Amino acid sequence: MHLRHHRPGQLVAWAPAKINLFLEVLGERNDGYHELETLLVAVNLYDTLVFKEEPSGVLEFRCDDAALPQGPTNLVVRSAHLIREETGNQRRGVSIWLRKRIPARAGLGGGSSDAATTLAALNALWQLGLSAGDLAELAAQIGSDVPFFLHAPVAVGRGRGELLTPVTLTRPLHLVLVCPEEGVGTADVFRRYEPAGERRPLQPLLDALGRGDSDEIARSLFNRLEPTACRICPAITVALAALRASGLAGAAMTGSGSAAFGVARDRSQAVRAARMLRAQFPGRVHVVRSSPSWYAA
Ligand code: C5P
């Protein structure tokens, strides 16, 4: 994420979305989670958060999206409580304003990114002095995808998704996102998931990314959760078919859905495809790119 000191006691932060170019499920674990191998890329679709220190000690949260929980189940609120408790700073106060742009229940990691941003922002605002490792531990307590957003703009995630290895892109990726109106719950998809098929290797995608060959990248996209999520939410199948028909080299679902994306050769191809797709999915198509230059690696 990107943090900026606005004025003393105030921080503005941009929390990016992520796309999973690859997601293989390796098996079920004893703790109820699934062992994953995934490739995550941060993209330039952002939520904005404003943090303002509150000397009174209150913890206030407001959001422009009334559909999101605003109470203690919200990941921003949970992150603020967790960092206060873990550092013994229960009397530090903050008001947090969240401007939501990343669709929820879309597999874009919006809630996780907001949570990671909250941990990093409060560490800075309250000058708590937590290390990157301390923050990553707190992040993993909030959710499997949260540590990624503290980490690098592109990474392989293993374990629950929280064990990260950075990946360097040789050139930026241009993607087109289609976000169906209906969202999907991650827990629901994993509950209904049934193992099928041979393990898909990640290496071809890593090789394609190393060569910066967008056609090869597009051919190497994979998401093991796609069939399960499409059964729950048929709009994903429609979005995938539309992306493929728009001239993009390949398309896949991100995370546990419901958003789908396609890989373009360059920005102008992405813009052309998006123009076609907007007729079918008005207000639900985004042209994005990987690794915004100012994203802290
Ligand atoms: O970690 P997080 O709370 O975001 O995960 C939401 C739900 O998704 C978990 O409760 C679990 O059911 C499922 N999940 C999983 N394996 C993972 C990540 C999530 O089964 N690696």
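This is a dialogue about the pocket, the ligand, the cavity and two backbone features of a predicted model.

Visitor: What makes the space taken by the ligand a pocket, and which pocket is it?

Guide: The space taken by the ligand is the largest pocket. A pocket is an open set of grid points with protein on both sides within 12 Å along at least five of seven lines, so the term applies to a space that passes this test. The volume of this pocket is about 1,200 Å³.

Visitor: Which residues line the largest pocket, and which elements supply them?

Guide: The lining has 43 residues, and those nearest the centre are Leu75, Ser112, Asp145, Thr186 and Ser256. At least two lining residues come from each of β2 (10-28), β3 (34-53), α1 (75-86), α2 (110-125) and α5 (186-192). By class, 17 residues of the lining are nonpolar, 19 are polar and seven are charged.

Visitor: How do you know that His34 makes a polar contact with the ligand?

Guide: An N or O atom in the side chain of His34 is 2.8 Å from an oxygen atom of the ligand. The cut-off for a pair of N or O atoms is 3.5 Å, and the value of 2.8 Å is within it, so this pair is a polar contact.

Visitor: What makes the pairs at Ser144 and Arg160 polar contacts?

Guide: At Ser144, a side-chain N or O atom is 2.6 Å from an oxygen atom of the ligand. At Arg160, a polar backbone atom is 3.0 Å from a nitrogen atom of the ligand. Both values are within 3.5 Å, and therefore both pairs are polar contacts. The ligand taken alone exposes 450 Å², and the protein buries 73% of that area.

Visitor: Why is Phe190 counted among the residues that surround the ligand?

Guide: A residue is counted because one of its heavy atoms lies within 4 Å of the molecule. Phe190 is one of the residues around the ligand, together with Gly32, Tyr33, His34, Leu36, Gly143, Ser144, Arg160, Thr186 and Ala187. The largest share of this shell, three residues, comes from α5, and β3 also supplies at least two. The shell has four nonpolar, five polar and one charged residues.

Visitor: Why is another space called a cavity?

Guide: A cavity is a set of points where a 1.4 Å probe fits but cannot get out, so an enclosed set receives this name. The search of the whole structure finds one cavity of 30 Å³ or more. The largest cavity holds about 70 Å³ of space, and its lining includes Leu169, Arg171, His174, Ile217 and Arg265. That lining has six nonpolar, four polar and two charged residues.

Visitor: What is noted about the backbone at Ser258 and Arg105?

Guide: Gly257 and Ser258 are joined by a cis peptide bond, with omega about 15°. Ser258 lies in the loop between β10 (250-253) and β11 (260-264). Arg105 is a residue other than glycine with a positive phi, near 55°, and its place is in the loop between β5 (94-99) and α2.

Definitions and conventions. Residues are numbered from 1 along each chain as its sequence is written. This is a predicted model: local features need pLDDT of at least 70, side-chain atom pairs count only at pLDDT 80 or more; totals for chains, interfaces and linings use all residues. Side-chain values use heavy atoms; hydrogens and water are left out. On a 1 Å grid over the protein atoms alone, a cavity is a set of points where a 1.4 Å probe fits but cannot get out, and a pocket is an open set with protein on both sides within 12 Å along at least five of seven lines; lining residues have an atom within 4 Å of a point. Grid points are joined across faces, edges and corners, and a volume is the space filled by probe spheres set on the points. Helices (H or I, at least four residues) and strands (E, at least two) are DSSP runs, numbered from the N terminus. Ala, Val, Leu, Ile, Met, Phe, Trp, Tyr, Cys and Pro count as nonpolar, Asp, Glu, Lys and Arg as charged, and the others, Gly among them, as polar. A polar contact is a pair of N or O atoms within 3.5 Å; within protein, one must be able to donate a hydrogen and the other to accept it, and residues adjacent in sequence count only if both atoms are side-chain atoms. Accessible areas come from the Shrake-Rupley method with a 1.4 Å probe; for residues, only the protein chains shown count as cover. A molecule sits in a cavity or pocket if more than half of its atoms lie within 2 Å of its grid points.
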